[in-house]
Amino acid sequence: MQWNDLAQCSSAEELARGIRTILEEGSFMPGDRLPTIRDLSSYSGLGRSEVYRAVVMLSADGWVVQKRGSG
């Protein structure tokens, strides 16, 4: 799965599953940064609040670590 494949997402839950799939495929290494909320919003067509919700879900499940102000 690629970032452009996220265009088919219609909810924060679907976006979180898509990002999780990308992470499981090994496209990112621990410590790598995900695209910004703005970029993920652009890829998925979802609003920033929905994208943020997806990132919060991934963080709660231990898939990502959020660091405010670090991009």
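Which residues have the most contacts inside the largest nonpolar core?

**View 1. The largest nonpolar core of the predicted model.** This core has 17 residues, and those with the most contacts inside it are Trp3, Leu6, Leu15, Ile19 and Leu40. Helices α1 and α3 are the elements that give two or more residues to the core. The largest share, six residues, comes from α1. In soluble globular proteins, nonpolar side chains tend to be buried together.

**View 2. Surroundings of Leu40 in helix α2.** Residues up to four places away in sequence being left out, Leu40 touches Trp3, Leu6, Ile19, Pro35, Val51 and Val55.

**View 3. The two faces of helix α2, residues 37-44.** Leu40, Ser41 and Ser44 are buried. These residues lie on the same side of α2 because they cover an arc of only 105 degrees around the axis. The buried residues pack against α1 (12-24) and α3 (48-60). Arg38 and Ser42, which are exposed, occupy the face turned away from the buried side. Gly45 follows α2 and has a positive phi, near 80 degrees.

**View 4. Buried and exposed residues of helix α3.** The helix has 13 residues and reaches 18 Å from its first C-alpha to its last, close to the 18 Å expected at 1.5 Å a residue. Its buried residues are Val51, Ala54, Val55 and Leu58. They cover an arc of only 95 degrees around the axis and therefore lie on the same side of α3. Helices α1 and α2 are included in what covers these buried residues. Ser49 and Ala60 are exposed on the other side of α3. After α3 comes Gly62, whose phi is positive, near 85 degrees.

**View 5. The salt-bridge network of Glu13, Glu50 and Arg53.** The side chains of Arg53 and Glu13 form a salt bridge at 2.6 Å, N to O. Arg53 lies in helix α3 and Glu13 in helix α1, so this pair ties together parts that are 40 residues apart in sequence. Arg53 is partly exposed at 37% relative accessibility, and Glu13 is partly exposed at 33%. A salt bridge also joins Glu50 to Arg53, with the closest N and O atoms 3.3 Å apart. Both residues lie in α3, three residues apart, about one turn of the helix. Glu50 is partly exposed, with 26% relative accessibility. Through shared partners, these salt bridges join Glu13, Glu50 and Arg53 into one network.

**View 6. The salt bridge between Arg20 and Asp61.** The closest N and O atoms of this pair are 3.8 Å apart. The pair links distant parts of the chain, with Arg20 in helix α1 and Asp61 in the segment after α3, 41 residues apart. Asp61 is exposed, with a relative accessible area of 54%.

Definitions and conventions: Residues numbered from 1 in each chain as written. Predicted model: local features only at pLDDT ≥ 70, side-chain atom pairs only at ≥ 80, totals over all residues. Heavy atoms only, no water. Buried < 20%, exposed > 50% of the residue type's maximum accessible area, 1.4 Å probe, protein only. Helix = DSSP H or I, 4+ residues; strand = E, 2+ residues; numbered from the N terminus. Arc of directions from axis to C-beta. Contact = heavy atoms within 4.5 Å. Expected span 1.5 Å × (residues − 1). Core = buried A, V, L, I, M, F, W, Y, C linked by side-chain atoms within 4.5 Å. Salt bridge = Lys/Arg side-chain N within 4 Å of Asp/Glu carboxyl O.
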